[in-house]
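Thank you all for coming. I would like to take a few minutes to walk through one model, moving from the whole chain down to individual side chains.

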Amino acid sequence: MGGWKLEVGKMFMYMMFPVVTFHYFNQPQYYEEWVAKAKKELYPPESDEVNMLLREKLSSIRQKRELEELKQLAAKHQ
């Protein structure tokens with residue numbers, strides 16, 4: 001039907017398609033445009049205000065937990 005020329009053409013396509021797509025999508029300008037932009041959207045830079053609020057919340061949770069543990073220990077010893 002197609003002969004050896006068709007087989008060579010198909011083999012060329014099978015081998016060149018991944019190489020061409022790798023070359024196209026790994027250009028530095030595309031990296032900056034797609035990857036860096038997506039990374040900034042998924043992982044925004046941390047702010048000091050958010051960190052402070054998180055620390056305050058964690059300390060209040062720890063204090064509540066310690067009080068509960070102390071109450072349980074006091075109840076066991078009575």
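Which element of the protein chain has the lowest mean pLDDT, and which the highest? This is a predicted model, and the answer is that helix α2, covering residues 28-42, has the lowest mean value, 83, whereas helix α3, covering residues 48-77, has the highest, 93. For the protein chain taken together the mean pLDDT is 89, with 99% of the residues reaching 70 or more. As a general caution, predicted coordinates should not be read in detail where pLDDT is low.

Let me turn to the overall architecture. The secondary structure of the protein chain consists of three helices and zero strands, so that, reading from the N terminus, the order of elements is α-α-α. The radius of gyration of the protein chain is 30 Å, and because the globule rule gives 12 Å for 78 residues, a value well exceeded here, the chain is more spread out than a compact globule. Along the principal axes, the C-alpha atoms of the protein chain fill a box of roughly 95 × 35 × 15 Å.

Two pairs of residues may help you to place these dimensions on the screen. Gly-9, which lies in helix α1, is 38 residues from Ser-47 in sequence, and the two C-alpha atoms are 56 Å apart in space. Gly-3, also found in helix α1, is 36 residues along the chain from Lys-39, with 49 Å separating their C-alpha atoms. Both glycines count as partly exposed, Gly-9 at 31% relative accessibility and Gly-3 at 43%.

How much of the protein chain counts as buried? Of its 78 residues, 3% do. The accessible surface of the protein chain comes to about 8,200 Å², and carbon and sulfur atoms account for 64% of that area.

Part of that surface deserves a separate look. Met-11, Phe-12, Met-13, Tyr-14, Met-15, Met-16, Val-19 and Val-20 make a nonpolar surface patch of about 850 Å². One of these residues, Met-16, is found in helix α1, and, with a relative accessible area of 31%, Met-16 is partly exposed. Since a residue must have over 30% relative accessible area to enter a patch, Met-16 passes that cut-off with its 31%.

Next, the charged side chains. In general, side chains of opposite charge can pair when their charged atoms come close. The structure holds one salt bridge, formed by Glu-7 with Lys-10, whose closest N and O atoms are 3.4 Å apart. Where do these two partners sit relative to each other? Both lie in helix α1, residues 3-25, and they are three residues apart, which is about one turn of the helix. Glu-7 is partly exposed, with a relative accessible area of 45%, and Lys-10 is likewise partly exposed, at 33% relative accessibility.

Finally, the aromatic rings, where the count comes to two aromatic pairs. The rings of Tyr-24 and Phe-25 have their centres 4.9 Å apart, and because their planes meet at 85°, this pair is edge-to-face. The rings of Phe-25 and Trp-34 have their centres 5.5 Å apart, and their planes stand at 40°, so this pair is described as tilted. Why is the second pair tilted, with planes at 40°? Planes under 30 degrees apart would count as stacked and those over 60 as edge-to-face, and 40° falls in neither range, so the pair of Phe-25 and Trp-34 is tilted. Tyr-24, Phe-25 and Trp-34 together form one aromatic cluster. As for accessibility, Tyr-24 counts as partly exposed at 42%, as do Phe-25 at 45% and Trp-34 at 39%.

To draw this together, we have a predicted model with three helices and zero strands, with one salt bridge between Glu-7 and Lys-10, and with one aromatic cluster formed by Tyr-24, Phe-25 and Trp-34. When you return to the picture, please keep in mind that helix α2 has the lowest mean pLDDT among the elements.

Technical notes:
Residues numbered from 1 in each chain as written. Predicted model: local features only at pLDDT ≥ 70, side-chain atom pairs only at ≥ 80, totals over all residues. Heavy atoms only, no water. Salt bridge = Lys/Arg side-chain N within 4 Å of Asp/Glu carboxyl O. Helix = DSSP H or I, 4+ residues; strand = E, 2+ residues; numbered from the N terminus. Buried < 20%, exposed > 50% of the residue type's maximum accessible area, 1.4 Å probe, protein only. Phe/Tyr/Trp six-rings, centres within 6.5 Å; stacked < 30°, edge-to-face > 60°. Patch = residues over 30% accessible without salt bridge, like charges linked within 9 Å, V, L, I, M, F, W, Y side chains within 5 Å. Areas by Shrake-Rupley, 256 points an atom, 1.4 Å probe, with all protein chains shown as cover. Rg over C-alpha atoms; globule rule 2.2 N^0.38 Å. pLDDT = per-residue confidence, 0-100.
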